[in-house]
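Student: I should be grateful for a close look at a single part of this structure. Please treat the remainder only where it helps to place that part.

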Amino acid sequence: MVPFIYDAIYSDLDLPERHRYPIQKYQLLYQWALAHGANNDQFIRPQPLTWSQVSIAHSDEYINKLINYQFDKKEWRKVGFPWSTQLLTRTLTSAGGTFETVKTALRSGIAIHFSGGYHHAHHDWGSGFCLINDLAISALLASQENPSLKILVFDTDVHQGDGTAVLLKEHANIFTCSIHGERNFPFTKAESDLDIALPKGTQDAHYLEVVQRTLTSLVSDVKPDLILYDAGVDIYRRDDLGHLDISIEGIYARDHFVLDYAKQHGISVAAVIGGGYQRNLSRLILAHAQLLRASHHVWDTTE
Ligand SMILES: [Zn+2]
C-alpha cells in the first residue's frame, strides 16, 4: 500500500468567511481516500518541524517575527492568512509532513502527503498562503542527512515555485524545475534550474507532452535518487486561479506518468498535493484524488 501522510490539523484553521483558501480540502481528501479503499494503517501522522529545522531555509529574524506576530500589515496581506498560534502549529506540522513524506519515500519508493507545496515562501518573507517553504526545507534536511542524495524538485503547480527556486539555487545536488502558467502569480518570476512557462488556455495534449519530455530529459541528465513532486491541481480548467485548460483526465495522466516513470527508473517519489482553488469542494477533491488514484494504479495493482 502507498504510504499516506496526514494530520487532522491541516484543515483545523479558522479563516474569515468567504476566504479564498479551501482549508477543508485536506480533511475531505482524507475522507475520500477512506471511502475509496484506503485503510487506516496506510496513514502516517507527522511530527511538526522544530523552528531550528525551519532555519535551514529561513532567516532567524524572519522566524522570530513570525513567531511573535511582528509582520506589518503589508507583510500579512502578502501572506493571505490571519496570524494565530493555530496557524503556526499547522504550518510546522504541514512542513513536518512533507519531510516525513520524503523520509518515507526514500524507504518505500513512494509516499504521498495530503498537504504541502508552500513554494512561494522565501528566505525572509512569506507570500501567497506560504509561510515556510516545506519543499526547500525538506530537500535541505534530507540532503544534510545524506549529502550524496540527488534530489529533483519537480513542481507542476500552475504557479511558479519561486521561493523554492531561490532557496535551493546554490545547492549542487538539488535541481529545481517548475512547469507553470506564464501570466500568473508570482508576476515577478524567480529563476529555477529549469523553468517552463505555459500560455493561458494550454490544453491536455500539449501539457502532457511538455511534462513527459521534461521529466524524461531531467531523469537522464540529473539522475535523481528522489523526486519531490508538487502535484498542484490548479492546472485544472475549473480552477479559480489557474488559467490553463487541463481536464481531470489530463491531471490523472500527468500524475500517472510521473509516478510510473519514476518507479520504472528506480527513483523514489515524495508527492505533495499542492495548490487547487475552487469554491466547489467536491470537484476540487476529485481533482486532488487523481494523485491517489494514480499512485494506487502504479503501486498497488499488478495487472
Ligand atoms: Zn498554485
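**The nonpolar core and its surroundings**

Tutor: In this predicted model, the largest nonpolar core comprises 104 residues, and those with the most contacts inside it are Phe154 and Tyr229. Nonpolar side chains tend to be buried together in soluble globular proteins. Beyond its neighbours within four places in sequence, Tyr229 touches Phe154 itself and Thr156, together with Arg254, Asp255, Val258 and Leu259. The contacts of Tyr229 also include Val269, Ala270, Ala271, Val272 and Leu291.

The zinc ion may be considered next. Its protein donors are Asp157, which is listed with two OD entries, His159 through ND1, and Asp234 through OD, at 1.9 to 2.8 Å from the ion. Along the chain these donors follow the spacing D-x1-H-x74-D. Asp157 counts as buried because its relative accessibility is 2%, under the 20% cut-off. His159, at 5% relative accessibility, likewise counts as buried. The angles among the four donor atoms run from 52 to 157 degrees, and the site is irregular.

Helix H1, residues 25-35, offers a further view of burial. Its buried residues are Lys25, Tyr26, Leu29, Trp32 and Ala33. They lie on the same side of H1, because they cover an arc of only 120 degrees around the axis. In an α-helix, residues three or four places apart point the same way, since there are 3.6 residues a turn. The buried residues of H1 pack against strands S1 (4-5) and S2 (43-44), and against helices H5 (85-108) and H10 (281-299). After H1 comes Gly37, with a positive phi near 100 degrees.

How values were computed
Residues are numbered from 1 along each chain as its sequence is written. This is a predicted model: local features need pLDDT of at least 70, side-chain atom pairs count only at pLDDT 80 or more; totals for chains, interfaces and linings use all residues. Side-chain values use heavy atoms; hydrogens and water are left out. Donors are N, O and S atoms within 2.8 Å of the metal (3.2 Å for Na, K and Ca); water is not among the atoms, so sites may look incomplete. Four donors count as tetrahedral if all angles lie between 85 and 135 degrees; four count as square planar and six as octahedral if opposite donors are over 155 degrees apart and all others between 65 and 115; anything else is irregular. Buried means under 20% relative accessible area, exposed over 50%, partly exposed in between (1.4 Å probe, protein chains only). A nonpolar core is a set of buried Ala, Val, Leu, Ile, Met, Phe, Trp, Tyr and Cys residues joined through side-chain atoms within 4.5 Å. Contact means heavy atoms within 4.5 Å. Helices (H or I, at least four residues) and strands (E, at least two) are DSSP runs, numbered from the N terminus. The arc is that of the directions from the helix axis to the C-beta atoms.
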